[in-house]
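Dear colleague,

I am passing on the structure below, and would be glad if you could look through it alongside the notes that follow.

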Amino acid sequence: VRIWNEVLSVKCPKLKMSKEIMSSLMGKNKAQFTDEFFVGVKKDEADSLINEIFAHEQEYLIEHGANMYEGVMETLKELKKDYALAIVSNCQTGYLNAFLTHYGLKDFFTDTECAGSSPLSKGENIKRLLERNGFEKAIYVGDTKSDENASKEAQLPFVYASYGFGEVDDYIAKINS
């Protein structure tokens, strides 16, 4: 939110990001972010703004990280003992790498795919990652309606991380923390 407002205050002072707005946009891809946040801003100007914001976010993430939920590192260590872990996200190119680099998490994940690197839907990106790695059995863990929908599209069981950013209806298990 801070990075967004730093850029917006100079480039588009009529707009302001808040924690509530950012939370409502979590799980959405760049096009959805742009369409929903930059209402009334010309498309080329909105695209330029979001690209600049994303570049600043990545620089910030590499240096400072972000808020990570308590227990994530310990959970990943345990899961990695018995399972291959991968990430499919609607984030922009470079965002995952910046986050994983800051926290030293790259070695926990076999592969990653993000919307910024692929024109495919999140569900198709899940399928692509599964095929690329030869995964025959998988579950998808997520916290938004778009995660639930992508899981259905990829025909995977969905595990709901209820402590995250969204509300979902259909899941096989629920994680509360």
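In this predicted model, the buried residues of helix α1 pack against three other helices, namely α2 (19-25), α3 and α4. Helix α1 itself covers residues 2-11, and its buried residues are Ile3, Trp4, Asn5, Val7 and Leu8.

Glu6 also has its place in helix α1, but this residue is partly exposed, because its relative accessible area is 44%, and partly exposed stands for values between the 20% limit for buried and the 50% limit for exposed. Between Glu6 and Ser89 there are 25 Å in space, taken from C-alpha to C-alpha, and the two are 83 residues apart in sequence.

Turning to two of the helices that α1 packs against, helix α3 takes in residues 30-37 and helix α4 residues 43-64, and these two pack at an angle of about 120°, with their axes 10 Å apart. That angle makes α3 oblique to α4, since angles of 65 to 115 degrees would count as roughly perpendicular and those over 145 as roughly antiparallel. The crossing in which α3 passes α4 is right-handed.

Which residues meet where α3 and α4 come into contact? From α3 there are Lys30, Phe33 and Thr34, and they meet Ala46, Asp47, Ile50, Asn51 and Phe54 of α4. Sorted by character, the residues of this contact comprise four nonpolar, two polar and two charged ones.

With best regards

Terms used. Residues numbered from 1 in each chain as written. Predicted model: local features only at pLDDT ≥ 70, side-chain atom pairs only at ≥ 80, totals over all residues. Heavy atoms only, no water. Axes fitted to C-alpha atoms, helices over the stretch in contact; angles between N-to-C directions. Helix = DSSP H or I, 4+ residues; strand = E, 2+ residues; numbered from the N terminus. Parallel < 35°, antiparallel > 145°, perpendicular 65-115°, else oblique. Left-handed = near helix turned anticlockwise from the far one by under 90°. Contact = heavy atoms within 4.5 Å. Nonpolar A, V, L, I, M, F, W, Y, C, P; charged D, E, K, R; others polar. Buried < 20%, exposed > 50% of the residue type's maximum accessible area, 1.4 Å probe, protein only.
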